[in-house]
Amino acid sequence: MSNSNLIKGSLQTIILKLLEENEKMYGYEITQKVKELTAGEIKITEGALYPALHKLEAEGLLTTEIQQVDNRVRKYYSLTKDGQKEVSSKLAELQAFVENMQRIINPGLKPELGF
Amino acid sequence: MRTLSPQEIARIDQRLESLKIQYLEIYHELRDHYFTELEKKPTEEFEVNFQQLNETFAWSVVKKMEKELEKNVSKQVLVAQLKFLKFWNRGINGLLISFASLSILVICIIAIPASELLLVFLAIIICTSAGVFIIKRDALSFSLRHKPISVRSTTVLKRVGILNNLFVWIYVMPNIFSDGAILTNTLFVVGMGIVTVFSLLYSISLLAISSDLSVKRNTQ
């Protein structure tokens, strides 16, 4: 599955979940991690990733820190306390959505999904 | 992973310069993205990967990113200002100090003659501009060459501009059109007093949040 429209709605949840598992990450690292976890099936577009990161930062869910790495500046993102609280609610929201989609696509199937 | 050659670095910098990136925040993220991606690829694949990155970060994509960033930071600044102004959230001591300060401020404004309010307003704008300029010097670039600037600093400076507009349209224009006669109108003078108190609180909140909006630096 590589439909960017489907991914768009879940992008914030993906970012929050990855940052919950990894203390701090930078933009490029997030794209690579998603590619790695999904064996290249999901590719996050950079044009959507960075605005999503900036939005989460503006909402106070992420905090940033810059580091000089070799000959450039790198911006790391990590979860704030509010961000940590938001992860579980976003995941529950996504899980409920996936379960509902399963019911629509496969009415006879009882979904047993878990994150 | 390899180290990019000076020529390759120059190509990246030329490309980023051609995009006329407005904000430092985007410039640094894109530069790091280019470097990290290209460092992973062998030298002979540089050109292909470089072109792919140029397509990923095309002019329209970058400009859209800039607009989104402006919108998000503007929201962030507003939220920070409102949080600062909500003095009732600062416990009993904060509440008392804020109430006392506000009362003194209102008394001072009432004591000032209507004709002098203009000077008070002007002083607020000058002090805020100077204060924000000292704290957020990275919002301005006097270089003739294009140079990215900080979006947070720019947003704060833009808000000082709002104060200027408020001053011109609410105070100066009616004064000019009425040839000063409006200063004898009690309703106008009371309105001006209220506006001056609010503009002062707005300025204080801008100055207070200016230093809080900086990104943490971690040198390794």
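Helices (H or I, at least four residues) and strands (E, at least two) are DSSP runs, numbered from the N terminus. On this basis chain A of the predicted model contains 5 helices and 3 strands, arranged along the sequence as α-α-β-α-α-β-β-α. The C-alpha trace of chain A extends over about 55 × 30 × 20 Å along its principal axes. Residues are numbered from 1 along each chain as its sequence is written, and chains are lettered from A and ligands numbered from 1 in the order in which they are written. Local features need pLDDT of at least 70, side-chain atom pairs count only at pLDDT 80 or more, totals for chains, interfaces and linings use all residues, and side-chain values use heavy atoms, with hydrogens and water left out.

In chain B, helix H7 comprises the 27 residues 151-177. Its end C-alpha atoms lie 37 Å apart, in agreement with the 39 Å expected at 1.5 Å a residue (1.5 Å times one less than the number of residues). H7(B) nevertheless bends by about 35° at B:Val168, the bend being the angle between axes fitted to the seven residues ending there and the seven starting there. At the start of H7(B), a side-chain oxygen of B:Ser150 comes within 3.4 Å of the backbone nitrogen of B:Arg152. After H7(B) comes B:Asp179, with a positive phi near 55°.

H7(B) packs against helix H4 (residues 59-85) of chain B at an angle of about 60°, the axes being 9 Å apart; axes are lines fitted to C-alpha atoms over the stretch in contact, and angles run from 0 to 180 degrees between N-to-C directions. Among the residues that meet (contact: heavy atoms within 4.5 Å) are B:Leu69, B:Val73 and B:Val77 of H4(B) and B:Val151, B:Thr155 and B:Arg159 of H7(B).

B:Tyr27 belongs to helix H2 (residues 24-39) of chain B. The C-alpha atoms of B:Tyr27 and B:Ser150 are 9.9 Å apart, although 123 residues separate them along the chain.

Key:
Polar contact = N/O pair within 3.5 Å; in protein donor to acceptor, adjacent residues only side chain to side chain.
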